[in-house]
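Let's take a walk through this protein and its ligand. Have a look at the sequence and the 3D view, then read on.

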Amino acid sequence: MEARVRTPGRMSMSGDDLAGRRGVETDVYDPAEDSRLLADVACEAVSESDLVADVGTGSGYVAATVTAETSARVLGTDLNPHACRRARDAGVEAVRANLVAPFRADAFDVVLFNPPYLPADAAAARDDWMEVALTGGETGREVVEAFLDDVGRVLSPDGYVLLLVSTLTGVDEVVDYAGERGFSTVALADESFPFETLSVLKLVR
Ligand SMILES: C[S@@+](CC[C@H](N)C(=O)[O-])C[C@H]1O[C@@H](n2cnc3c(N)ncnc32)[C@H](O)[C@@H]1O
């Protein structure tokens, strides 16, 4: 599966852009530069013996890439049933789940998440799966914060999170929120685009 580079990316999407994207999209987020950045960092970080969760797996691109490059077992999860089907078609073990809710404590060595992070535009809001893939409530951080509230529970003692964030979402706010949940944070990679910088944060306790 190839990551498709979108120009411009989701960072610069207005409501019209979203509508246009929806016009050519189905129900599943196609891999883009954010997916590729997270996959690249994860391929460097993950070991063969790790059990990995790819939360919000979408097409399964990140999970499939990490499995192919590292031989680690990667379980994909997504709220969107169409995404779960598409990920399975790509060879990914995928389950429908809200974030990490169904998983037992200490289940994963590594949790990956390329979250919905755009602040929602109430005027352009649509009740569909692309909205779920792209927007994180009024601040853009609502899904990320819900994730940070629970992800520590499912991490093994030496486990860590690789989280894709954007300057559009407020990186400092995400780092502060993670800190309040007991995580320290280091940025492993950054990539700048005209309208935003994407970073992959490693969160450890
Ligand atoms: C930006 S897309 C990323 C897709 C894929 N990981 C990638 O990098 O190409 C965000 C994904 O998170 C999923 N998602 C949104 N809210 C979720 C939730 N509460 N629980 C699980 N998945 C969720 C969306 O359905 C979407 O597939």
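## Aspartate 106 and its loop

Aspartate 106 is partly exposed, because its relative accessible area is 43%, and "partly exposed" covers values between 20% and 50%. Keep in mind that this is a predicted model. You'll find aspartate 106 in the loop that links strand S3 (93-96) with strand S4 (108-113).

There's something else to spot here: the phi of aspartate 106 is positive, near 60°, and the residue isn't a glycine. Most residues other than glycine have a negative phi.

## Another positive phi

Serine 71 is also not a glycine, yet it has a positive phi of about 65°. To find serine 71, go to the loop between helix H3 (61-70) and strand S2 (73-78).

## A buried threonine

Is threonine 169 buried or exposed? It's buried, because its relative accessible area is 2%, and anything under 20% counts as buried. Threonine 169 belongs to the loop between strand S5 (155-166) and helix H7 (171-180).

What does the side chain of threonine 169 reach? It gets to the backbone oxygen of tyrosine 117, at a distance of 3.2 Å.

## The whole chain

Now zoom out. The protein chain has seven helices and seven strands. If you follow the chain along the sequence, they come in the order α-α-β-α-β-α-β-β-α-α-β-α-β-β. Of the 205 residues in the chain, 54% are buried.

## Where the ligand sits

Next up is the ligand, which sits in the largest pocket. It has 19 residues around it, and the closest are Ser35, Gly56, Asp78, Asn98 and Asn114. Sorted by class, this shell holds ten nonpolar residues, seven polar ones and two charged ones.

## Contacts with the ligand

Which atoms of the ligand pair up with the protein? Start with nitrogen: one ligand nitrogen atom is 2.7 Å from a backbone N or O atom of glycine 56. There's also a distance of 3.3 Å between a ligand nitrogen atom and a polar backbone atom of leucine 79.

Asparagine 114 joins in through its side chain, where an N or O atom lies 2.8 Å from an oxygen atom of the ligand. How much of the ligand's accessible area does the protein cover? On its own, the ligand has 600 Å² of accessible area, and the protein covers 97% of that.

Technical notes. Residues are numbered from 1 along each chain as its sequence is written. This is a predicted model: local features need pLDDT of at least 70, side-chain atom pairs count only at pLDDT 80 or more; totals for chains, interfaces and linings use all residues. Side-chain values use heavy atoms; hydrogens and water are left out. A residue is near a molecule or strand if one of its heavy atoms lies within 4 Å of it. A polar contact is a pair of N or O atoms within 3.5 Å; within protein, one must be able to donate a hydrogen and the other to accept it, and residues adjacent in sequence count only if both atoms are side-chain atoms. Accessible areas come from the Shrake-Rupley method with a 1.4 Å probe; for residues, only the protein chains shown count as cover. On a 1 Å grid over the protein atoms alone, a cavity is a set of points where a 1.4 Å probe fits but cannot get out, and a pocket is an open set with protein on both sides within 12 Å along at least five of seven lines; lining residues have an atom within 4 Å of a point. A molecule sits in a cavity or pocket if more than half of its atoms lie within 2 Å of its grid points. Ala, Val, Leu, Ile, Met, Phe, Trp, Tyr, Cys and Pro count as nonpolar, Asp, Glu, Lys and Arg as charged, and the others, Gly among them, as polar. Helices (H or I, at least four residues) and strands (E, at least two) are DSSP runs, numbered from the N terminus. Buried means under 20% relative accessible area, exposed over 50%, partly exposed in between (1.4 Å probe, protein chains only).
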